[in-house]
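Reader: Before I rely on any label attached to this model, I would like to see how each one is justified. Could we go through them one at a time, setting value against criterion?

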Amino acid sequence: MKKTADVLLRRARQWDEDALAQIYDTFAPAIYRYVYRRTGHQNTAEEITAETFHRFLVALKHGSGPTEYLSAWLYRVAHNLIVDFYRRQPPQEPESLDNVEESLAEPDQGAAHVERQMQVEQARAALRQLTPLQQQIITLRYLEELSNEDIALIVERTEGAVKALQHRALDSLRRILEGWNEA
């Protein structure tokens, strides 16, 4: 994948429209998924994903941007946009609970769907209790299923630091969830 991304990136830096389209088609779904998992809002995820790729194009136009590790660069930009999003406004309730009424209309899946949505919301709320870097590492490792090596490139830390942050984040999540379950 890295070799393919490097070839695409070289072509994109020459403003090859096919390469730019292929980069978008290859990386946009993962960036969108990452942003959606961090924000819980479809419109926000769409806007941040679009802005991530807009910044990529602007960087290329100005002769800057990534020269390698395109995926890491895109995730880093998306992460920074997520942080900016939360700085500009207080967190909103995630949209997924809006669909509860529709789920209840389907008797076969209603209760299971509602329970699953509640678990997702609880996990998302617990994740928001972590530091932004810990949130990013947990999301990248366990939801995006990236390797520690890839995460280290994205967050610009060593693999050892990523492992340590991951361990502390999981420990914090466990304590948060245990505290909620005891209450």
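**Labels and their grounds**

Author: Let us begin with a pair of charged residues in this predicted model: Glu156 forms a salt bridge with Arg76, and the closest N and O atoms are 3.7 Å apart. The pair links distant parts of the chain, since Glu156 sits in the loop between helix 8 and helix 9 whereas Arg76 sits in helix 4, 80 residues apart.

Reader: What makes the pair of Glu156 and Arg76 a salt bridge?

Author: The criterion asks for a side-chain nitrogen of Lys or Arg within 4 Å of a carboxyl oxygen of Asp or Glu. The separation for Glu156 and Arg76 is 3.7 Å, so the pair meets the 4 Å limit. By this rule the count comes to nine salt bridges.

Reader: Why is Glu156 called exposed, and how is Arg76 classed?

Author: Exposed means over 50% relative accessible area, and buried means under 20%. Glu156 has 59%, and is therefore exposed, whereas Arg76, at 22%, counts as partly exposed because that value falls between the two limits.

Reader: How do you know that Glu51 and Arg55 are separated by about one turn of the helix?

Author: Both residues lie in helix 3 and are four residues apart. An α-helix has 3.6 residues a turn, so residues three or four places apart point the same way. Glu51 and Arg55 also form a salt bridge, with their closest N and O atoms 2.8 Å apart. Glu51 is partly exposed at 27%, and Arg55 is likewise partly exposed, at 38%.

Reader: Which residues are linked with Arg174 in a network of salt bridges?

Author: The network joins Asp171, Arg174, Arg175 and Glu178. Within it, Arg174 forms a salt bridge with Glu178, the closest N and O atoms being 3.2 Å apart, and because these two are four residues apart in helix 9, about one helical turn separates them.

Reader: Why is Tyr34 called buried?

Author: Buried requires under 20% relative accessible area, and Tyr34 has 0%, so the label applies. Tyr34 is found in helix 2, and, leaving aside neighbours within four places in sequence, its contacts include Tyr75, His79, Gln136 and Leu140. The C-alpha atoms of Tyr34 and Leu140 are separated by 7.4 Å, although the two residues are 106 places apart along the chain. Val83, in helix 4, has 16% and is therefore buried as well.

Reader: What marks the course and the ends of helix 2?

Author: Helix 2 has 23 residues and reaches 31 Å from its first C-alpha to its last, close to the 33 Å expected at 1.5 Å a residue. A kink of about 40 degrees lies at Phe27, shortly before the proline Pro29. At the start of helix 2, a side-chain oxygen of Asp16 comes to within 2.9 Å of the backbone nitrogen of Asp18, and after the helix comes Gly40, whose phi is positive, near 75 degrees.

Reader: Which residues have the most contacts inside the largest nonpolar core?

Author: They are Ile23, Val35, Phe56, Leu74 and Tyr75, in a core of 39 residues. Helix 4 gives the most to this core, with ten residues. Leaving aside neighbours within four places in sequence, Leu74 is in contact with Phe27, Ile31, Thr52, Phe53 and Phe56.

Conventions: Residues numbered from 1 in each chain as written. Predicted model: local features only at pLDDT ≥ 70, side-chain atom pairs only at ≥ 80, totals over all residues. Heavy atoms only, no water. Expected span 1.5 Å × (residues − 1). Bend = angle between axes of the 7 residues up to and from the residue. Polar contact = N/O pair within 3.5 Å; in protein donor to acceptor, adjacent residues only side chain to side chain. Buried < 20%, exposed > 50% of the residue type's maximum accessible area, 1.4 Å probe, protein only. Contact = heavy atoms within 4.5 Å. Core = buried A, V, L, I, M, F, W, Y, C linked by side-chain atoms within 4.5 Å.
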